[in-house]
Amino acid sequence: MTATIRYVTRRADGRESVRTATAAGPAYLVGRASGSDVHLQDLAVGLLHAKITAPSPGLVRVQSASAAGRIMVDRRFVDQAQFDLARGPAELKIGPFDLSIRATDGGGLQIDVARVQPQSADLRADKVKKVFSLRGAWLSKRASAWALGLTILLLGLTFPMTRLAPGAPVSGGADRAIAEGLWLAGETSHAHAGAIDSCGACHKTPFVSVEDETCVDCHQSTLHHADPGRMLRAQPEAGPFQAFLISTAELFGKPSDRCTACHTEHNGPDGVLPVADMSCVGCHAGMSERLADTDLGDAADFMAAHPEFRPTLSDVGAGPDPVRRWDIAALEAQRAARESAADAPAEACDGFEIGQANFRGYDPPLLPAGAAGDRSGLVFPHAVHLDKDGCVTAIARDLDPSFGYGEEGLGCADCHEADEARALFRPIAMERHCAACHSLTFDTVNGVPRALRHGTPELAVATLRDFYQARVVNRVLGLTPAAEAERFRPGPAGLRPPPPGRAVFRVADQEASRRIHGLFAPRGACFGCHVVTPPADGGFGYAVEPVRLRDQFLPAARFPHAPHETGMTCLDCHAAETSASAGDVLIPSIETCQTCHASDGRRGRIPSSCASCHGYHALEGQPAMSAETSALRAEGWTPLARTAFVGATHP
Amino acid sequence: MRASQSVQRRASARHESFLKHAGYRYAWAAGALSAFALLAYVIIDIEPRHHGGSWLGYTLGAISAGLILWLTLLGLRKRAITGGGWSLKGWTSAHVYLGLSLSLIATLHAGFQVGWNIHTLAYVLMMIVILSGLFGVYVYAVIPRRMSDNRGETSSKEMLEAIAAIDRELRIAAQPLPDAFSARIKDAIEKTELVRGPLARLNAQPRSCPTRHAILALRAEIEADADPDDSFGPVVSLLERRRALLLRVRRYARYKALLELWLYVHVPCTFGLIAALIAHIVSVFYFW
């Protein structure tokens, strides 16, 4: 049985070309191998793919010849299939080929082979651009751009705005905290962090800069820097650039006279407090030209343009609580004059008896009224007390060790005890700091010392009178021990009888009187340290000037001692060792500070701003910084219209 | 050596890079702007520290915001072609140099303050945009030369046609092979991805390549069999040629991807940046 095999090729123009071959039966091999009866040249076809047989006339069987030799009939893969050619040609598919088998008139078979699928998927040139471009291969740039942008707007703008709007409920929930965190422009200062629990506490109205009233709500005791009218006059005319900055800030709703103009929040733990020197210097440089009646010197730079210190001093005797201020230079000049005029302190330890309530040192010169210096009412020469070879050191050395004075004698800290903050000092107390040497004990009876109470002259007078009267009473009643009695018997023992009753008391009173006058007289216990005015009538009404020791000589400046205790001693700054008078002011000159401090830290010095020493807000005066400023603004003043305004409304 | 230099010189005379446009005019401008900002930052004393809310901070911030908007306009500008002083090349040159100076000016605006907030998000997105742009400048400077070296004198279309031609030869040459090997050849032709996914195409020599596997399988058979079939030899050599061409095509795809890929970071992040910038500015004025 012969089979005719027709290989049909369809061209692109639709024409068909046919190549014919014949094969002898009875079985026909189908495969890619060159010897196959039905030669199918495609790699999808096995070398020996299938076998076609005709078991009986009119019947054709196709069966797979290898494991992979699949045959498709009626859209199903089968291993073998049998066709009755009487019903029509057998149709099957092998790989990309359609096979159609029919019986020929001659009793043979005709097998039509046509390639139905084109040669597969080779890249076509028209696709080249698409193949290499990322466009379409991935998420488009436009889509992801919109997605990212809208997400950020939603989470970064809409979400916080709805949570933080003034009317929004204060839930205290995590969403609010997240919203605040998203918008927080910088760390809130520690001063505010604890006290303020939401953005809206200060930022009360959206798009309106924080107002002074909001600050004053909490800072009720914060005072004005000075009288607003005077502050206005102290300001210089703004230069063109400054005027531009001010007007631009005004344009954006940030007036330059708000609290927030100096106190910029959200700049770290201490960010809200530091104030630029420029804020101070803006007015204080050349201020005396604009504010003729000011008491303050011009200040522009701590090193180059800062007035000398002017300590605030006591002026005892000139009024209830008078103070006065002196320039350090004048103080130092007058002190030098005093030192050259005064005799060297006498070495007057002889006769100084501890426990005898007296002072036999030299009589120090008292500062006359009107002289430059501190008139505290106390007589106290630092030099005598600090002289390592002097008698005070010698006496202190002989004191009981329980007093705490060592071989070195007195040191600064024995009297000037630092306060808890190690900034200033505890007040000087006579009992605590002086009485170890300057004892007010005047007698010892039965081994019990009798002392006067310090600070009460009337009580001292009464105490002494009572004491001498009581001693006579004791003797008359025989209560005085024999040894004590002997001491008070005038004349050789046993020769004279005791005086009669009244006379005894008169003698005792004379003794008391003598001791009282001695107390207040030169070289007496009180006179040694105090300014004593004897009574005109010769009685006991001695007046002792009150002592006003200052705890701060420069009250307008901060000076913490503690940071200066690194390798420096007190005497490095305070010339106490050569000070012979309590009138001497031992606050150093500004030059001493300038050896280490400079405004901008130039020449290796410590950077020190105005605010390092000075506060802005006054210690006393008018509170509520906004009220007067608002009033001025209501009158039409703006930071830029200073000249016109000062001339017209505030001459 | 000398020949290649002169070729380069001629090439550069013919084509001036946008980086060198107008004698580095915009590099100088951006440098001057940066130096001015830096000088102001160093000289002007802001208490308690430099921050975005000082007058200098607002000034630098306004400059930065203006720069960002102008830099974004390149996306619109490049769609309109003009010449002369406002050529697209000049615009691109300015875009690159002013974009670089933005990284400094915006940093000074922030006063080096960062946090987990919308403000720093804007800054981070801006830096991502600038860095991706910098990468773009780098690939534009380096890749085109490598690309033409890779292709030789052929176009990408010719390379693909060459592969298709080899495939036709392979289909014929592989006919006599045993089924196990002919299946591999079929896979190599039909299942080899010339150009893979956007990220995968960055690797021009993937290990899992059907063409490579077919070569390995056929070579192993040739070495193992004492008397290999004659038809193996031509198939292997065709496969080798196919693989060499594939490498070229894939390198071309890799370079094309590099040239485009950075834009998929640069452009979306620019939109994110503008959104974050709006949120940043609105939030600052909201809590003014």
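# Labels and cut-offs, chains A and B

Trainee: Why does A:Arg514 count as exposed?

Mentor: Its relative accessibility is 52%. Exposed means over 50% relative accessible area, buried means under 20%, and partly exposed lies in between (1.4 Å probe, protein chains only). The value is over the upper cut-off, so A:Arg514 is exposed. The areas come from the Shrake-Rupley method, and for residues only the protein chains shown count as cover.

Trainee: What kind of model is this, and how are its parts numbered?

Mentor: It is a predicted model: local features need pLDDT of at least 70, side-chain atom pairs count only at pLDDT 80 or more, and totals for chains, interfaces and linings use all residues. Residues are numbered from 1 along each chain as its sequence is written, chains are lettered from A and ligands numbered from 1 in the order in which they are written, and side-chain values use heavy atoms, with hydrogens and water left out.

Trainee: What makes A:Arg514 and A:Glu511 a salt bridge?

Mentor: Their closest N and O atoms are 3.1 Å apart. The rule asks for a side-chain nitrogen of Lys or Arg within 4 Å of a carboxyl oxygen of Asp or Glu. The distance meets that rule, so the label holds. Both residues lie in helix α18 (residues 501–520) of chain A, three residues apart, about one turn of the helix. A:Glu511, at 24%, counts as partly exposed.

Trainee: How do you know that B:Lys191 and B:Asp187 are separated by about one helical turn?

Mentor: They are four residues apart in helix α8 of chain B, which means about one turn. A helix here is a DSSP run (H or I, at least four residues), a strand is a run of E (at least two), and both are numbered from the N terminus. This pair is a salt bridge too, with the closest N and O atoms 3.6 Å apart. B:Lys191 is exposed at 56%, while B:Asp187 is partly exposed at 31%.

Trainee: Which distant parts of the chain do A:Asp42 and A:Arg115 link?

Mentor: Their salt bridge has its closest N and O atoms 3.1 Å apart. A:Asp42 sits in the loop between β4 (38–39) and β5 (50–53) of chain A; A:Arg115 is in strand β12 (residues 109–115), 73 residues apart from A:Asp42.

Trainee: Is A:Asp42 buried or exposed?

Mentor: A:Asp42 has 6% relative accessibility, so it counts as buried. A:Arg115, with 26%, is partly exposed.

Trainee: How many salt bridges are there over all chains?

Mentor: The count is 21 over all chains. Some are joined up: A:Arg6, A:Arg102 and A:Asp112 are linked in a network.

Trainee: Why is the pair of B:Phe181 and B:Phe232 called edge-to-face?

Mentor: Rings of Phe, Tyr and Trp (its six-membered ring) pair if their centres lie within 6.5 Å; planes under 30 degrees apart count as stacked, over 60 as edge-to-face and the rest as tilted. These centres are 5.2 Å apart and the planes stand at 70°, so the pair is edge-to-face. B:Phe181 is in helix α8 (residues 179–191) of chain B and B:Phe232 in helix α10 (residues 232–261), 51 residues apart. Both are buried. The structure holds 16 aromatic pairs over all chains.

Trainee: Which residues do ring pairs link into a cluster?

Mentor: A:Trp183, A:Phe207, B:Tyr286 and B:Phe287. A:Phe207 also has a positive phi of about 65° although it is not a glycine. Most residues other than glycine have a negative phi. A:Phe207 lies in the loop between α4 (190–193) and α5 (212–218) of chain A. At 47% it is partly exposed.

Trainee: What forms the negative surface patch?

Mentor: B:Asp225, B:Asp227, B:Asp229 and B:Asp230. Patch residues have over 30% relative accessible area and no salt bridge; like charges are joined within 9 Å, and nonpolar side chains (Val, Leu, Ile, Met, Phe, Trp, Tyr) within 5 Å. B:Asp230 has 71% relative accessibility, so it counts as exposed. It is found in the loop between α9 (210–224) and α10 of chain B.

Trainee: Which residues form a positive surface patch?

Mentor: A:Arg135, A:Arg142, B:Lys78 and B:Arg79. B:Lys78 counts as partly exposed at 44%. Its place is the loop between α4 (74–77) and α5 (88–110) of chain B.

Notes:
Accessible areas come from the Shrake-Rupley method with a 1.4 Å probe; for residues, only the protein chains shown count as cover. Lys and Arg count as positive and Asp and Glu as negative; His and the chain ends are not counted. The place of a charge is taken as NZ of Lys, CZ of Arg, CG of Asp or CD of Glu.
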